[in-house]
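Trainee: I would like a close look at one part of this model. Please take me through the largest cavity and what surrounds it.

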Amino acid sequence: MSGQEHWMLPLQRAFYPFLAIVGIPSNIVTFLIFWRRNCMLSKSSTYYLMAISVADTLVLILIVVMEMVLKFHVEEPFWSKDPWCSLRDIFNYGAYNASTWLVVTFTAERFIAINNCSLKARFCTPKCAVITITLVCSCSHLCAVPYFWSNKSYFNRSAHPGTPVCIYDPHLPGFYVRGLVWFQTALVYIVPFVVIFTLNGLTLRQIVLSNKVHAAAGVRRQAPSHFQSQKRKSVVLLITVSMTFALLSITRFVTQIILRSAHYEIDRTDYTIPINVAADIGTMLDLTNASFNMYLYACTQSKFRKELVDCVKKAIYPCKSCKPLDPDYPSTIFHL
């Protein structure tokens with residue numbers, strides 16, 4: 001394939017700008033809808049989903065736009081020089097860590113609200129949500145601080161001689177680089193996957209057991225109660241958000257494990273090696289997480305869908321004012 005561009009390169013050049021164009025506006029719209037409209041959510045859930053929207057927007061700006069898009073469209077990105085080379089991964093990994101762990105904490109909070117009434121009053125409150133979000137964002141960026149010493153700006157001697165490139169410092173001890181990579185893999189893949197799959201499994205198990213108890217007791221189920229309907233919607237949103245995150249991330253997780261254990265020294269720009277193609281496809285799927293949530297909410301939550309349609313109508317026909325919502329309209333979804 002000498003002299004011929006591999007199909008992955010034009011695909012990535014087109015994919016990442018598209019992801020940013022679709023994802024950034026959708027996250028901003030999602031944040032504004034949760035902030036300004038009544039979507040029938042509890043305050044704590046609203047805060048978590050707003051925080052996820054902000055974190056996802058930062059992922060799209062810092063990683064997709066400022067790294068991926070610039071890498072494919074600018075010969076000499078600004079972050080290839082110091083001091084940006086040293087600071088880049090602190091902000092990139094900090095935003096990505098926050099996006100990941102906000103989904104994990106949202107999953108844990110919803111699990112408690114759905115399954116444990118005694119803990120719900122203590123942990124599923126707006127104050128607790130704000131504290132948790134603040135801690136998650138702070139710890140996410142603190143965990144990325146070691147990357148300050150991992151990257152170094154060097155002058156390229158191969159593809160574009162004389163241009164600076166930002167790479168792992170070759171003078172660093174091997175255990176530092178490998179420890180950093182495995183720590184990051186555990187932080188954003190292994191531990192979150194274990195938590196998400198465990199909590200979702202326990203939630204589904206609880207639902208199955210509850211259904212069996214109702215069936216054994218001979219409870220009539222022709223028309224589910226309003227509370228059961230809201231609980232079902234809560235579970236659907238919980239499972240949809242957390243499992244979509246896990247499924248879109250799992251390809252990158254597997255390929256990163258393979259790269260770090262068996263192919264650590266290979267040239268990652270050589271697409272004749274199948275693992276490089278699989279790893280970059282995994283990265284594309286993984287970053288799709290940051291632009292997808294608005295569409296998940298629209299598909300699973302009728303109230304959010306209605307508010308989204310109202311906002312679109314208002315944007316298209318600004319002269320036709322939308323009927324304002326009653327601020328005292330009852331909020332029941334997630335009030336479990």
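Mentor: Here is the cavity, followed by the helix contact that shares residues with its lining. Keep in mind that the model is predicted. The count comes to 2 cavities of 30 Å³ or more. The largest cavity holds about 130 Å³ of space. Its lining has 16 residues, and those closest to the centre are Asp56, Ser99, Phe245, Asn289 and Ala290. Four helices each give two or more residues to this lining: H2 (43-73), H3 (84-115), H7 (226-262) and H8 (274-300). H8 supplies the largest share, 7 residues. By class, the lining has 9 nonpolar, 5 polar and 2 charged residues.

Now take H2 and H8 as a pair. Their axes come within 10 Å and cross at roughly 145°. The crossing is left-handed. On the H2 side, the contact uses Leu49, Ile52, Asp56, Val59, Leu60, Ile63, Val64 and Met68. Across from them, H8 brings Thr283, Leu287, Asn289, Ala290, Ser291, Asn293 and Tyr297. These contact residues divide into 10 nonpolar, 4 polar and 1 charged. Asp56, Asn289 and Ala290 belong to this contact, and they are also among the residues closest to the centre of the largest cavity.

For context, turn to the second largest cavity. About 50 Å³ of space lies in it. Of its 10 lining residues, Phe34, Cys39, Leu41, Gln301 and Phe304 are the closest to its centre. By class, that lining has 8 nonpolar, 1 polar and 1 charged residues.

Definitions and conventions:
Residues are numbered from 1 along each chain as its sequence is written. This is a predicted model: local features need pLDDT of at least 70, side-chain atom pairs count only at pLDDT 80 or more; totals for chains, interfaces and linings use all residues. Side-chain values use heavy atoms; hydrogens and water are left out. On a 1 Å grid over the protein atoms alone, a cavity is a set of points where a 1.4 Å probe fits but cannot get out, and a pocket is an open set with protein on both sides within 12 Å along at least five of seven lines; lining residues have an atom within 4 Å of a point. Grid points are joined across faces, edges and corners, and a volume is the space filled by probe spheres set on the points. Ala, Val, Leu, Ile, Met, Phe, Trp, Tyr, Cys and Pro count as nonpolar, Asp, Glu, Lys and Arg as charged, and the others, Gly among them, as polar. Axes are lines fitted to C-alpha atoms, for helices over the stretch in contact, and angles run from 0 to 180 degrees between N-to-C directions. A crossing is left-handed if the near helix is turned anticlockwise from the far one by less than a right angle, and right-handed if clockwise. Contact means heavy atoms within 4.5 Å.
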